[in-house]
Amino acid sequence: MGDRLSDIDSLVAGEQYDSAYKMVMAIEEHEIADEEQQAHYWLLRFQTSYLTNNTLPPDSILNRVTQHYQSSGNAIKLADCYYYKAILCFGKKDIDQSVLLFKQAEEQSLSTGNVRLLFKIAEALSNVNSFSGNYSLSLDYGRKALTDAMKSNRKDWLAYAYYRIGVAFYNLNRQDSALAYFDKTSPYIKYIRKEDRPYFLSNLSLVYINSQPEKELMQGSVECQVTLMDMMDRLYADMEKRVGIDRVAGSLVHYKQARTTLGKFIEAKFKTKDIAFGQLTNQFISDYYEFLLTNCGFRSNSTRKLSRCLTILA
């Protein structure tokens, strides 16, 4: 059993999440020999379920696994426990507790030298601090993530790190620095997870457009205001023209799905098909997040990915 669990660990580390999940679910609980293997099994089951958007085990199980690793002193697995507990809190919009748990994960990870663990925690802390308005801290953690990405020479990690730094600069109103880091992000987008690409592309495009004189139209009189869905349509048209140049056809499908969800939210909340771009606020994003969870049936992981495409624009 120990070898099987180690093989699943290797699949998770190699981001072969579907294969890892299938291996975990093929294990019968009666096959698990002792408390250590049981803790390992349930942590892997939680990880792979989360990473493949399948039903998660009860929170109480993750709490029990955390207690086991607190006693055993396995820093890597304890850091993973704190990391996933933090993600659960973030999904429930308990931001303060999420930050605290991510910090506990960071504290455990520092002694491990595990670059993969250090990177994902730094990237998560950059994201959650951005969400809570702590933009300077978000920048600090984005830079830490970049250091780990450069150490590993992972091109997908470079994309996430550059993006986080760009978002932080954007929120700090340092537009030139933000655009510089978004320029660094663009060549690496093709290496990131497919489900994340449309949100990267839509965010980057909106920021580029928002940095142009056209921004004045968005903030001008009602007669000349640019609307949110109109902007989304313009971006889609621009992306469509660039397919085969620096965009892939698949990104259009994913982008259209994201746009459709946003359109449904606007209709439900505002009883109209579109709104002025200037109505895009942090409260709008928070309400959109709640709509995805309660009205569309999305799990917190998918909801986070959908809603974050608007976060940096508020």
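The following exercises, with worked solutions, concern a predicted model of a protein chain.

**Exercise 1.** Determine the secondary-structure content of the protein chain and the share of its residues that are buried.

*Solution.* Counting elements first, the protein chain holds 16 helices and zero strands. Turning to accessibility, buried residues account for 49% of the 314 residues. As for contacts between residues at least 6 apart in sequence, 58% join residues at least 24 apart.

**Exercise 2.** Establish how far helix α3 reaches and whether α3 is enclosed or open to its surroundings.

*Solution.* Helix α3 covers residues 35-51, which is 17 residues. From its first C-alpha to its last α3 reaches 24 Å, close to the 24 Å expected at 1.5 Å a residue. Next, burial is taken as under 20% relative accessible area. By this criterion 12 of the 17 residues of α3 are buried, so α3 is largely enclosed by the rest of the structure. Among these buried residues are the aromatic-lettered positions Y41, W42, F46 and Y50, together with Q37, H40 and Q47.

**Exercise 3.** Describe the packing of helix α4 against helix α5.

*Solution.* Begin with the geometry: α4 (residues 59-72) and α5 (residues 75-91) pack at an angle of about 150°, their axes lying 9 Å apart. Because angles over 145 degrees count as roughly antiparallel, α4 is roughly antiparallel to α5. The crossing of α4 past α5 is left-handed. Then identify the contact: D59, L62, N63, V65, T66, Y69 and Q70 in α4 meet K77, L78, C81, Y82, Y84, K85 and L88 in α5. Finally, classify these residues: eight are nonpolar, three polar and three charged.

How values were computed: Residues are numbered from 1 along each chain as its sequence is written. This is a predicted model: local features need pLDDT of at least 70, side-chain atom pairs count only at pLDDT 80 or more; totals for chains, interfaces and linings use all residues. Side-chain values use heavy atoms; hydrogens and water are left out. Axes are lines fitted to C-alpha atoms, for helices over the stretch in contact, and angles run from 0 to 180 degrees between N-to-C directions. Helices (H or I, at least four residues) and strands (E, at least two) are DSSP runs, numbered from the N terminus. Angles under 35 degrees count as roughly parallel, over 145 as roughly antiparallel, 65 to 115 as roughly perpendicular and the rest as oblique. A crossing is left-handed if the near helix is turned anticlockwise from the far one by less than a right angle, and right-handed if clockwise. Contact means heavy atoms within 4.5 Å. Ala, Val, Leu, Ile, Met, Phe, Trp, Tyr, Cys and Pro count as nonpolar, Asp, Glu, Lys and Arg as charged, and the others, Gly among them, as polar. The expected span of a helix is 1.5 Å times one less than its number of residues. Buried means under 20% relative accessible area, exposed over 50%, partly exposed in between (1.4 Å probe, protein chains only).
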